[in-house]
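I opened the notebook to go through this structure step by step. My plan is to look up a few residues, then the interface, then the cores.

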Amino acid sequence: MKHPRLKILLALLAPALAWAAPNPRLVLPDFPALVQKATQAVTITLDPALLSLAARFLDGNDPQDAATREIIKGLQGIYVRSYTFDRDSAYSQEDIDAVRKQLAAPGWNRLVETHSKKTHANVDIYIMLDDNKAIGLAVIASEARQFTIVNIVGAIDLEKLHKLEGQFGVPKLDLDASKAPH
Amino acid sequence: MSQDLESQLRAALRPIAPSATFEKRLIACVTDDPQHSQPKANRVGGAGWRSRARWLPVAAAACVLIGVGLQNRLQVRRERENGLEARRQVVEALRVTSQKLDLAYEIVKSQSSSFTDENPGV
């Protein structure tokens, strides 16, 4: 190494730089109290190893599997917490705020903020950009009887996301046109 | 002296009639199944043991091979189960994500249409 001092300096600074780098991974609690109350609870934690394992079991000849494989190719993690209740207001605002606070960290940008007075549904979509590339996505959806948090970590291609919306019977979402009416 | 010895011998070796069951016992011994008595000799003897011992390494190797094969098969099966479960979770996660993006889309769409209705000139 031509510059050993530089190497040592970089090695010393590496943890600090890593800490300062925006982290698209949210710390999602397991919400044990909500699990007890919920009629249906979905807890999904997919780390890089599980994503890679899942990709091996997706059939390349099946169009939906092929699209799914294409979407998860650049991802490092998918984390979902979703709880359905049999009555209104079964969860508190504090449950949501604990996660929402993390989205105030540098790097996160709110892409969409929606609120429906009719259905009392709120959906916020956040995106983390690094060098103009999406490296993280977070969705917080709070409805009268359902509370959902989605955190996708990794190189998210919004074009692929558009494709995803065409799958599973869901219509395409025009992300550019849907910038939140607050 | 010699006469005395002779008389003693005669007395000792005098013919005696066999007992009533002697004949039956003799016939039973002669006609006894040889398969019953033969293995006893083999069990005690070393030849049988040696012939069996020759097969022991083969049996042990077969056991090891079967064990390794079973373990490998179990591992493949476990990996397949884990893979299918991971696949199911990926599909479920993307389904939930799609659902929520769709919900946001529906809300935005309904709000835009009500905004257009309220402001037809815009």
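I start with the cut-off I need: a residue counts as buried when its relative accessible area is under 20%. I also note that this is a predicted model.

**Entry 1: B:Thr97**

I looked up B:Thr97 and found it in helix H5 of chain B. Is B:Thr97 buried or exposed? Its relative accessible area is 0%, so B:Thr97 is buried. Next I checked where its side chain goes. The side chain of B:Thr97 reaches the backbone oxygen of B:Ala93 at 2.7 Å. Then I listed its contacts, leaving out residues up to four places away in sequence. B:Thr97 touches A:Val150 and A:Ile152 on that count.

**Entry 2: chain B as a whole**

I stepped back to the chain that holds this threonine. Chain B has five helices and zero strands. Read from the N terminus, its elements run α-α-α-α-α. I also asked what share of chain B is buried. Buried residues make up 15% of its 122 residues.

**Entry 3: A:Thr148**

I turned to a threonine in the other chain. A:Thr148 is in strand S6 of chain A, which covers residues 146–154. It counts as buried because its relative accessibility is 0%. Which side chain does A:Thr148 meet in a polar contact? The partner is A:Ser82, at 2.9 Å between the side chains. I then went through the contacts of A:Thr148, setting aside neighbours within four places in sequence. In chain A they are A:Arg81, A:Ser82, A:Val139, A:Ile140 and A:Ala141. In chain B they are B:Val96 and B:Lys100.

**Entry 4: the interface**

I went on to the contact between the chains. Chain A puts in 42 residues and chain B 27 residues. The area buried between chain A and chain B is about 3000 Å². Carbon and sulfur atoms give 77% of that area.

How many salt bridges cross the interface of chain A and chain B? The rule finds three. I looked up one of them: the side chains of B:Glu79 and A:Arg56 meet at 2.4 Å, N to O. I also noted five residue pairs in polar contact between chain A and chain B, both residues at pLDDT 80 or more.

Which element gives the most to the side of chain A that touches chain B? Helix H3 of chain A, residues 48–56, does so with five residues. That side of chain A divides into 28 nonpolar, eight polar and six charged residues.

**Entry 5: the cores**

I looked for buried nonpolar groups next. In soluble globular proteins, nonpolar side chains tend to be buried together. The largest nonpolar core here has 35 residues. Those that touch the most other members are A:Ile72, A:Leu75, A:Ile78, A:Val80, A:Val123 and A:Ile125. Helix H5 of chain B, residues 56–118, gives the most to this core, with ten residues.

I followed A:Ile125 further, not counting residues up to four places away in sequence. Its contacts include A:Leu111, A:Val112, A:Leu137 and A:Val139. B:Leu101 and B:Ala104 are also among them. Apart from the largest core lies another, of 22 residues, including A:Phe31, A:Ile96, A:Trp108 and A:Met128.

**Entry 6: A:Ile71**

My last check was A:Ile71, in helix H4 of chain A, residues 63–72. A:Ile71 is buried because its relative accessible area is 11%. I also looked up its distance to A:Ile156. The two are 85 residues apart in sequence and 7.7 Å apart in space, C-alpha to C-alpha.

How values were computed. Residues are numbered from 1 along each chain as its sequence is written. Chains are lettered from A and ligands numbered from 1 in the order in which they are written. This is a predicted model: local features need pLDDT of at least 70, side-chain atom pairs count only at pLDDT 80 or more; totals for chains, interfaces and linings use all residues. Side-chain values use heavy atoms; hydrogens and water are left out. Helices (H or I, at least four residues) and strands (E, at least two) are DSSP runs, numbered from the N terminus. Buried means under 20% relative accessible area, exposed over 50%, partly exposed in between (1.4 Å probe, protein chains only). A polar contact is a pair of N or O atoms within 3.5 Å; within protein, one must be able to donate a hydrogen and the other to accept it, and residues adjacent in sequence count only if both atoms are side-chain atoms. Contact means heavy atoms within 4.5 Å. Buried area is the accessible area (1.4 Å probe) that two parts lose on being put together, summed over both. A salt bridge is a side-chain nitrogen of Lys or Arg within 4 Å of a carboxyl oxygen of Asp or Glu. Ala, Val, Leu, Ile, Met, Phe, Trp, Tyr, Cys and Pro count as nonpolar, Asp, Glu, Lys and Arg as charged, and the others, Gly among them, as polar. A nonpolar core is a set of buried Ala, Val, Leu, Ile, Met, Phe, Trp, Tyr and Cys residues joined through side-chain atoms within 4.5 Å.
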